Amino acid sequence: MYKAIIVDDEKWIMEGIKAGVEWGSYGFEVVGSAENGQDALTMMEQLRPDVVFTDIKMPLMNGLELIKTGRERFPNTLFVVLSAHAEFAYAQKALNYGTFGYCLKPFEVEEIHNMLKRLSDVLSARPQESVLPPSPELYEAICANETVLVKKIITRSEMNLHDKHKIQPLVIVVHGNKFSVISGTIKHLRFQMSPRRFGFLVYENETEALIHSLFSTNSKESLCSIGIGYALSDLSELSSSLEAASLASYGIFTTGKPGVFNAPPHTNPRIEEVLRNLSQAMEQKDRIQFSAAMNHARLQFRSGVFSIKDAYLIFTALMTLFYREGVSSSARVYEGYEELSYHYGDADAMIDYLMEHTLGYLSEEQPVLITEVSHKTIRKMLEFIHDNFTTEISIQSLSERFYLSPNYLCHLFKKEVGENFIEYISRLRIEYACKLLAQKDLPIKQIGEKCGFNDYFYFTRIFKRIVSQTPTQYRESISK
C-alpha cells in the first residue's frame with residue numbers, strides 16, 4: 001500500500017476526504033493528518049509518505065513552504081495541492097515547486113479518484129527505491145558517535161534496528177566520484193565519506209544482495225574495493241564497525257587486487273614482530289635483516305593478513321627512524337590511510353619505495369666480486385642474491401627471473417663467479433651468521449633461521465664446513 005498524508009487546518013475537510021474517498025481501491029492508505037506545515041514535516045520524517053495532499057493557507061507554515069521544504073528533504077515524496085477557486089494563483093505557484101497536481105475545493109470525489117489513479121500509475125512505474133539521498137549529516141553523526149541523531153536518521157528511513165535485523169556497514173572505493181545508485185527492494189542508507197569513498201548501511205541478511213546489485217549496476221573497473229564491517233544491533237558500536245569496514249575497503253591497496261574484503265582483526269601481533277625487526281635492522285644497519293623483514297611484510301599484505309593500518313604503521317615507523325638517524329631528505333609524511341593509498345596505489349609499490357631508499361642508507365660497499373663481473377645479467381643476479389640470500393632462492397626461480405635456462409645459468413654463474421650457486425649462497429649465509437653470532441641475545445637456532453636455514457643440524461654442518469668451527473665454538477671464540 002502507498003502511504004498518504006492529508007494536511008489541512010479545517011478538520012471537517014480532512015475527515016470528509018478520508019471517509020468519502022476509496023483510498024484502498026487505488027492502493028493507498030491514509031497514515032496521518034496534520035493541521036499545519038510544521039506538524040506535517042515532523043510526520044513526514046516519521047512516516048515517509050509516498051504522497052502528501054496539502055492545503056495552501058495554514059498557520060505556522062503554509063502549504064507553499066511545506067512543499068518547498070518537503071521537496072528538498074524528501075525528493076521521492078509527491079505533493080498534491082488542495083486549493084479553493086480563490087486560491088488558484090497559489091496553486092499555479094505550487095506547481096512551479098514541482099507538485100504533482102492539484103484538486104479544487106469543493107471536492108468532487110471522482111476528481112480525487114482520478115488523481116489517485118494517476119498517482120498510482122506513476123508510483124507503480126518507479127523502481128522501488130529503498131535509499132535516502134547521500135547524507136553528510138549521517139556520516140558526521142556516526143563519526144561524532146552521536147547515537148541519538150544516528151538513530152533518528154535510521155528511523156526516518158524505516159530501517160528498524162533489533163536482533164533479527166542487524167545492520168552491517170559497507171565502504172565502497174570507486175574510480176572517480178560517481179557510481180550508479182542501486183534500484184530495487186534492498187533497503188539501505190548511503191553517505192559519501194570522501195570523493196572516492198562511499199558508505200552504506202544495510203541489513204546483514206541483505207549484504208550479499210546489495211554487493212551483487214552494486215556489481216550489476218557498475219562495472220568492475222569502477223568499483224575498486226568493498227569493505228564489510230561487523231554486523232550490529234547496538235548503534236553505539238556503529239562507529240567502530242564503520243571504521244573496520246573502511247580499513248577492509250583498502251584491500252585493493254594491501255593485496256593489489258580489487259574485490260570484497262572482510263573487516264581485519266582488531267589487533268595483529270605479526271606486525272609487532274615486523275616493526276621490531278625493522279627497528280633492529282636500522283639500528284644495526286643490517287640490510288639483510290631489513291630486506292627479510294620487508295619481504296615478509298610484502299607476503300603478509302598479498303595474502304590479506306596485513307591491513308592498510310599495518311602499512312601505515314610500517315611507513316611512519318621508517319619515516320620516524322629516518323628523522324632519528326638524520327636522513328630527513330628521504331622522510332615523507334602522509335596524513336591518513338587515503339593519502340598513503342592514493343600516492344602509492346598498492347603495498348607492493350610502497351615497499352619498493354621504502355626498500356630502494358632504505359637499502360641505499362644501509363648499503364655497505366659492494367663486494368669487489370660483483371664489480372668485477374663482466375656479464376651484465378650475472379652482475380644483476382649477484383646484486384639480487386646479496387639482497388635476498390636469507391630467503392628461498394633456487395636455480396629455477398633465478399632462471400625465471402633473469403630469463404636464462406637453468407643449465408646455462410649454472411654454467412655462466414660458475415664461469416663468472418668461480419664457484420657454483422649453492423656454494424656461493426651458503427657462504428653468504430654463513431658470513432651473515434658470523435655477524436649475528438656476535439649478538440649475545442640471539443639463540444643459535446634463531447640465527448640459523450634468520451640466515452635462511454630452516455634445519456638447525458644442516459645449518460651447523462654447513463657452518464662447520466666453511467668456518468671449521470661449530471656456531472657455539474665460534475661464538476665462544478669471539479667472546480674471549
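Here a trainee and a mentor talk through a predicted model of one protein chain.

Trainee: Let's start with the overall make-up. How many helices and strands are there in the chain?
Mentor: Good place to begin, and keep in mind that this is a predicted model. Counting both kinds of element along the chain gives 23 helices and 10 strands.

Trainee: What share of the residues in the chain is buried?
Mentor: A residue counts as buried when its relative accessible area is under 20%. The chain has 480 residues, and the buried part of them comes to 48%.

Trainee: And what share of the exposed area do carbon and sulfur atoms supply?
Mentor: The chain exposes about 24,100 Å². Of that area, the part supplied by carbon and sulfur atoms is 50%.

Trainee: What percentage of the contacts with a separation of 6 or more comes from residues 24 or more positions apart?
Mentor: Here we look just at contacts in the chain whose partners have a separation of 6 or more. Among these, residues 24 or more positions apart account for 66%.

Trainee: Now to the aromatic rings. Is the pair of Phe 413 and Tyr 424 stacked or edge-to-face?
Mentor: A search of the whole structure finds 17 aromatic pairs. In the pair you ask about, the ring centres are 5.7 Å apart and the planes stand at 75°. Planes over 60 degrees apart fall in one class, so Phe 413 and Tyr 424 are edge-to-face.

Trainee: Which helices does that pair of Phe 413 and Tyr 424 link?
Mentor: The two residues are 11 residues apart, and the pair links distant parts of the chain. Phe 413 belongs to residues 406-417 and Tyr 424 to residues 421-437. Those helices are H19 and H20.

Trainee: Is Phe 413 buried or exposed?
Mentor: Its partner Tyr 424 has a relative accessible area of 2% and is buried. Phe 413 has a relative accessibility of 1%, so this residue also counts as buried.

Trainee: Which helix holds both Phe 459 and Phe 463?
Mentor: These two residues are buried. They sit four residues apart, about one turn of the helix. The helix runs over residues 456-467 and is H22.

Trainee: Which residues do ring pairs link into a cluster with Phe 459 and Phe 463?
Mentor: Phe 459 and Phe 463 are in the cluster themselves. Ring pairs join them with three other names: Phe 453, Tyr 458 and Tyr 474.

Trainee: Which residue has its charged end over the ring of Phe 453?
Mentor: Phe 453 is part of the aromatic cluster we just met. A charged end sits over this ring, 5.7 Å from its centre, and it belongs to Arg 429.

Trainee: Let's turn to charges. How far apart are the closest N and O atoms of Lys 18 and Glu 15?
Mentor: The structure holds 10 salt bridges. Lys 18 and Glu 15 both lie in helix H1, three residues apart. Lys 18 is partly exposed at 29%, and Glu 15 is partly exposed at 45%. The closest N and O atoms of their salt bridge are 3.4 Å apart.

Trainee: Which helix holds the salt bridge partners Glu 449 and Lys 445?
Mentor: The side chains of Glu 449 and Lys 445 meet at 2.8 Å, N to O. Glu 449 is partly exposed at 39%, as is Lys 445 at 47%. They are four residues apart, and their helix, residues 444-450, is H21.

Trainee: How many residues apart are Asp 352 and Arg 298?
Mentor: Asp 352 forms a salt bridge with Arg 298, with the closest N and O atoms 3.0 Å apart. The pair links helix H15 with helix H12, and its partners are 54 residues apart.

Trainee: Is Arg 298 buried or exposed?
Mentor: Asp 352 is partly exposed at 42%. Arg 298 has a relative accessible area of 12%, and since the cut-off is under 20%, Arg 298 is buried.

Trainee: Which residues are linked with Arg 298 and Asp 352 in a network of salt bridges?
Mentor: Arg 298 and Asp 352 are two members of this network. The others linked there are Arg 302 and Asp 348.

Trainee: One last stop: which residue has its backbone nitrogen 3.1 Å from a polar side-chain atom of Asn 36?
Mentor: Asn 36 is in the loop between strand E2 and helix H2, and is buried at 7%. Residues touched by Asn 36 include Val 7 and Met 58. The backbone nitrogen 3.1 Å from the side chain of Asn 36 belongs to Gln 38.

Definitions and conventions
Residues numbered from 1 in each chain as written. Predicted model: local features only at pLDDT ≥ 70, side-chain atom pairs only at ≥ 80, totals over all residues. Heavy atoms only, no water. Buried < 20%, exposed > 50% of the residue type's maximum accessible area, 1.4 Å probe, protein only. Contact = heavy atoms within 4.5 Å. Areas by Shrake-Rupley, 256 points an atom, 1.4 Å probe, with all protein chains shown as cover. Phe/Tyr/Trp six-rings, centres within 6.5 Å; stacked < 30°, edge-to-face > 60°. Lys NZ or Arg CZ within 6 Å of the ring centre and 35° of its normal. Salt bridge = Lys/Arg side-chain N within 4 Å of Asp/Glu carboxyl O. Polar contact = N/O pair within 3.5 Å; in protein donor to acceptor, adjacent residues only side chain to side chain. Lists of a residue's contacts leave out its neighbours within four places in sequence.
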